[in-house]
Amino acid sequence: ALVDHADLRAGQHVLVQGGAGGVGNFVVQIAAGLGARVSATASAADLEFVKGLGAEQVIDYAHDRFEDHVRDVDVVVDLVGGSTLSRSWSVLKPGGILVGIAAPPDQQEAAQHGARGVFFVVEPEQKALRSIAELVDGGRLRPVVDRVLPLTETRSGYAALETAKRRGKIVIHVAD
């Protein structure tokens, strides 16, 4: 999303919508690691957590409108969708890009704002996976694990994806 679709460069401003989530926490870390200035949205309980991942600015989405705090953004990575996706166009600078992960960005909206919108669906790619593994092995990317569940509790893990407040990934332990 950041490298191949957004062509992110050091010094650019990135807004991560949903910076504390299982994907958002990786996006914040990778963007910061690439030298971007990172803003993110998160709940009040996650503000310090997301700052600790590398975001310079974290906005409490429940109490503040991100549009009142950020502007002239080069890249928005939206992991939320809905009205958050629609409202994100207003903070992009002309020529910016909105990368939708939760939903595809509206191409008419993109044209009206002089921006680009792309929908990103993760597909395994060996080169990218190796790069990510190198970042993890080198300590520059920290996977965040919310909880580890035994295989017998897989159903509760999936239920938590929809209902529980969590920070990071849920891991299913299959065998020792």
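# Exercises on a predicted structure

## Exercise 1: A patch on the surface

Which residues form a nonpolar patch on the surface, and where is V145 found?

Solution. Start with the members: V145, V148 and V171 form the nonpolar surface patch, and together they have about 220 Å² of accessible area. Keep in mind that this is a predicted model. Next, locate V145: the residue belongs to strand 7, which covers residues 145-150. Finally, look at its accessibility. V145 has a relative accessibility of 44%, so it counts as partly exposed.

## Exercise 2: Tracing the sheet

Work out the strand order of the open sheet and name its edge strands.

Solution. Begin with the order. The sheet has six strands, arranged 3-2-1-4-5-6, and their pairing is parallel. Now go to the edges: strand 3 (57-60) and strand 6 (116-119) each pair on one side only, which makes them the edge strands. As for the angle, neighbouring strands are turned by 15° against each other on average, with direction ignored.

Now pick out one pair. Strand 1, residues 13-17, runs parallel to strand 2, residues 37-42, and five bridges link the two. You can follow this pairing residue by residue: H13 stands opposite R37 of strand 2, and Q17 has T41 of strand 2 as its bridge partner. As a last step, check how covered strand 2 is: five of its six residues are buried, so "mostly covered" is a fair description.

## Exercise 3: Helix 1 and its cover

Which residues of helix 1 are buried, and what covers them?

Solution. Find helix 1 at residues 24-33; its buried residues are G24, N25, V27, V28, Q29 and A31. Then look at what lies over them: the cover includes strand 1, strand 2, helix 2 and strand 4. To finish, step past the end of the helix. There you meet G35, which has a positive phi, near 90°.

## Exercise 4: A serine in a loop

Is S43 buried or exposed, and which residues does S43 contact beyond its neighbours within four places in sequence?

Solution. First, place S43 in the loop that lies between strand 2 and helix 2 (47-53). Its relative accessible area is 12%. Buried means under 20%, so S43 is buried. For the contacts, leave aside the neighbours within four places in sequence; what remains is D60, Y61 and K165.

## Exercise 5: A valine in strand 4

Describe the surroundings of V75, starting from its place in the model.

Solution. V75 sits in strand 4. Its relative accessible area is 1%, so V75 is buried. Now list its contacts, again without neighbours within four places in sequence: A6, L8, H13, V14, L15, L92 and I97. For a distance, compare V75 with G95: they are 20 residues apart in sequence, and their C-alpha atoms are 9.5 Å apart in space.

One general point is handy when you look at any strand. In a regular strand, side chains alternate between the two faces of the sheet.

## Exercise 6: Following the salt bridges

How many salt bridges does a search of the whole structure find, and which residues do shared partners join into one network?

Solution. The search finds six salt bridges. Let us walk through some of them.

- Step one: R65 and E67 meet through their side chains in a salt bridge of 3.0 Å, N to O. R65 is partly exposed at 44% relative accessible area, whereas E67 is buried at 17%.
- Step two: E67 also forms a salt bridge with R87, at 2.6 Å, N to O. E67 lies in the loop between strand 3 and strand 4 (73-78) and R87 in helix 3 (residues 82-88), so this pair ties together parts that are 20 residues apart in sequence. R87 counts as partly exposed, with 26% relative accessibility.
- Step three: D74 and K93 meet in a salt bridge of 3.3 Å, N to O. D74 belongs to strand 4 and K93 to strand 5 (residues 92-100), so the pair ties together parts that are 19 residues apart in sequence. D74 is buried, with 14% relative accessible area, while K93 is partly exposed at 29%.
- Step four: look for shared partners. Salt bridges that share partners join R65, E67 and R87 into one network.

Notes:
Residues are numbered from 1 along each chain as its sequence is written. This is a predicted model: local features need pLDDT of at least 70, side-chain atom pairs count only at pLDDT 80 or more; totals for chains, interfaces and linings use all residues. Side-chain values use heavy atoms; hydrogens and water are left out. Two strands pair if DSSP finds at least two bridges between them. Helices (H or I, at least four residues) and strands (E, at least two) are DSSP runs, numbered from the N terminus. Axes are lines fitted to C-alpha atoms, for helices over the stretch in contact, and angles run from 0 to 180 degrees between N-to-C directions. Patches are made of residues with over 30% relative accessible area and no salt bridge: like charges are joined within 9 Å, nonpolar side chains (Val, Leu, Ile, Met, Phe, Trp, Tyr) within 5 Å. Accessible areas come from the Shrake-Rupley method with a 1.4 Å probe; for residues, only the protein chains shown count as cover. A salt bridge is a side-chain nitrogen of Lys or Arg within 4 Å of a carboxyl oxygen of Asp or Glu. Buried means under 20% relative accessible area, exposed over 50%, partly exposed in between (1.4 Å probe, protein chains only). Contact means heavy atoms within 4.5 Å.
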